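Grab the sequence and the 3D view, and let's work through a few exercises together. Try each task yourself before you read the solution.

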Amino acid sequence: MHKIQLPLLFYIFLSFPLYSQVGNEENLDEIIITSSRIEIPFSKNSKSVQIISSNDIKESTATNLSELLQQVAGIDIVRRGTRGMQSDVSIRGGNFEQTLILIDGFKTENPQSGHHTANMLLPLENIERIEIIKGSSARIFGQNAFTGAINIVTKKEQENQVKLSSSYGSNKYTLGEISVVKNLKNSNHFVYFSQSASDGYRENSDFKNTNYFLKSSINTKNNPITLVASFADRKFGAQYFYTSPASNFTEYEETQSSLVGISTRILKHNFTLKPKIYWKRGQDLFQLKRDDPSFSRNFNISNKIGVALNTSYKSSIGITGLGVDFAKVSLSSNNLGDQNRTIFSTFIEHRFNVNNKIDITPGVSASLFSDFGFQAFPGLDLGIKMTDKTRLFWNVGSSYRVPTYTELYINIPNFLSGNTNLKPEKAISQEIGVKFKNNKFSVHSSLFYRVSRDLIDYVKETSTSPFYEAQNLRKIVTQGLEVNSDYSFELFNKPQKASFSYTFLDDDYADVSVFKSRYLINSSIKHHFTTSLKTSFVKNLHQTISYRFVDKPLNTYHIVDAKIMLNLKNMSFYTVFNNIFDVDYQEKIFIPMPKRNMEFGLSYKFH
């Protein structure tokens, strides 16, 4: 593939939405991007932000959050098992260490390894919407948002109800869910519990997954206090998750992930204050031989306690944002040792607005790591309102990521070695794009360019190297093109919707010369195309069909899924068909993904 001709492609995708300006003015409430330091309506954001709404989630062919994110072009989800037992989440050619997951704005990164980042992905029943911020987001979130961030916004107060759900699928998959919503005079509460299990679709791929979730809001006179608590316990066969068939191991893993966070929002004249405190805990037990723990057993417990205060002030010259964030991180491990890290971060940014046509937002975030010193992340966003429906944007920012404890200290003889001399990763990213939206059609197109240095990977320098060692690679350039569009229309007096998205990525590893790499080299998606069609021809009956094309250097595949839903007053039914054409494919080498499979489910609400 030839390098992208940036000026030519920019002209092509810029002209596309300008010729599509048809339809009436949209008159909907603006979604506020809650993950931003400065609260900005979705339509006025000068970054690549994508929203997956509650309706999108309900009508999707996905049965869990990993599958849902796979339907977003530019996001690479590498699954080792099914139902999200372990998934690596990457954005725009980054790797699983460089994506930050948040729940209601609470950071959930794992200091042990990015392999456990997705352990905090909530069941879909808990989610109101998902905010996906693509590109460098370190100025907003700090060092783990190297290539982007995903903020999971949980459900807000609803009508009083008890909801029971049950599903059954291929490979003896079963799921039971119960959720309760209770609104009291000065508070409201959402409680959720689920348990799922399966015998697995291949050898040693069985699992049992238990989830608990609580969200309570206490409505004080002016300042509501919100409590969020989540706990996930997963036990699963992990055949070839980390090794190859030649090893002949029977890998097994158990993980626990929990989060407790308290936040509030205080309004004082032109000031908005958002204090929060949270505790994130992770636990991981991994065995190379499932039935012989004495052979190789790794046990890790990580904890993070954080406090943060974000403030914003509205004045005649715009909005000023200020904030501080302090976190204490610890790890106790029989392989990685006992580790501790403190992180102090602060930020400042200001959004200038010129005649309601141009917005300019310079800002900087600075962090002090107890083990890696001081780092700063400057950035700048620029937006231009061309018409009421069309907006141009450009942004530039720096990224930074300190090594995980696994990268620093892992020691598996004759296989994998950490490196205490690792340096942090660094990158400069920029993006230019256009957004267009009316009441029927929307399109978001952008070009992005990232220069990364000192990226960390496990490599073998030569064919005779006895093991993979964590090393800083040299300069790597990533550039790409992304287009996302939706079209809503009516057929037989019922709403229909078609969605299309495409991402192209090109990585230049010219300065990197190693014999073999475990993650970075020749692993990222080159072409990623997704589309879905959501239809309804009969009252209360809805259908969705989705298609996903993934082209990687060592693997190319096409996947088609479908879903049929029947929604009655208090009861709903659905059937999901995954991998309809029985495609043989892998998302990670040595791990074949499930062939054609089905799932049936029903739910009933008691009011």
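## Exercises on strands, cores and a patch

A quick note before starting: this is a predicted model.

**Exercise 1. Find which strands stand at the edges of the open sheet with the order β3-β8-β9-β6-β7.**

Solution. Start with the layout: this open sheet has 5 strands, and their pairing is mixed. Now look at the two ends of the order. β3 (48-52) and β7 (106-107) each have a single partner strand, so one side of each is left without a neighbour in the sheet. Next, zoom in on β3, which pairs with β8 (residues 127-134) in the antiparallel sense over 5 bridges. To see the pairing residue by residue, find I52: the residue opposite is I130 in β8.

**Exercise 2. Work out which residues touch the most other members of the largest nonpolar core.**

Solution. The core holds 31 residues, and the ones to pick out are L65, I75, I130 and I150. I130 is already familiar as the residue in β8 that stands opposite I52. Then ask which elements build the core. At least two residues each come from α3 (65-70), β4 (75-79), β5 (87-91), β6 (99-103), β8, β9 (148-154) and β12 (187-198). Now pick I75 and list its contacts, skipping residues up to four places away in sequence: L69, V89, S90, I91, I132, I150 and H528. There is also a second, separate core, with 21 residues, including F96, L331, L336 and L408. As background, nonpolar side chains in soluble globular proteins tend to be buried together.

**Exercise 3. Decide whether F344 is buried, partly exposed or exposed.**

Solution. First place the residue: F344 lies in strand β20 (residues 337-354). Its relative accessibility is 40%. Buried would need under 20% and exposed over 50%, so F344 counts as partly exposed. Then look around it. F344 helps make a nonpolar surface patch of about 920 Å², together with I218, I225, I262, I277, V307, L309, V324, F326, L368 and F374. Two strands, β18 (297-315) and β19 (318-333), each give this patch at least two residues.

**Exercise 4. Follow the pairing from β30 through β31 and β33 to β34.**

Solution. Take one pair at a time. β30 (residues 476-491) and β31 (residues 494-508) are antiparallel, with 15 bridges between them. One of those bridges matches T478 with D507 in β31. The two strands form a hairpin with 2 residues between them, and F492 there has a positive phi near 55 degrees.

Step on to β33 (residues 527-538), which pairs with β31 in the antiparallel sense over 8 bridges. Here F500 stands opposite T531, and A498 stands opposite L533.

The last step goes to β34 (residues 541-552), joined to β33 by 10 bridges and running antiparallel. T531 turns up again, now opposite Y547 in β34. β33 and β34 also form a hairpin with 2 residues between the strands, and N540 in its turn has a positive phi of about 75 degrees.

**Exercise 5. Say which strands stand at the edges of the open sheet β24-β25-β29-β28-β32.**

Solution. Begin with the order, which lists 5 strands with mixed pairing. β24 (411-412) and β32 (516-517) each have a single partner strand, so one side of each lacks a neighbour in the sheet. For β24, the pairing with β25 (residues 416-417) is antiparallel over 2 bridges. Finish with one bridge: N411 is matched with S417 in β25.

Conventions: Residues are numbered from 1 along each chain as its sequence is written. This is a predicted model: local features need pLDDT of at least 70, side-chain atom pairs count only at pLDDT 80 or more; totals for chains, interfaces and linings use all residues. Side-chain values use heavy atoms; hydrogens and water are left out. Two strands pair if DSSP finds at least two bridges between them. Helices (H or I, at least four residues) and strands (E, at least two) are DSSP runs, numbered from the N terminus. Patches are made of residues with over 30% relative accessible area and no salt bridge: like charges are joined within 9 Å, nonpolar side chains (Val, Leu, Ile, Met, Phe, Trp, Tyr) within 5 Å. Accessible areas come from the Shrake-Rupley method with a 1.4 Å probe; for residues, only the protein chains shown count as cover. A salt bridge is a side-chain nitrogen of Lys or Arg within 4 Å of a carboxyl oxygen of Asp or Glu. Buried means under 20% relative accessible area, exposed over 50%, partly exposed in between (1.4 Å probe, protein chains only). A nonpolar core is a set of buried Ala, Val, Leu, Ile, Met, Phe, Trp, Tyr and Cys residues joined through side-chain atoms within 4.5 Å. Contact means heavy atoms within 4.5 Å.
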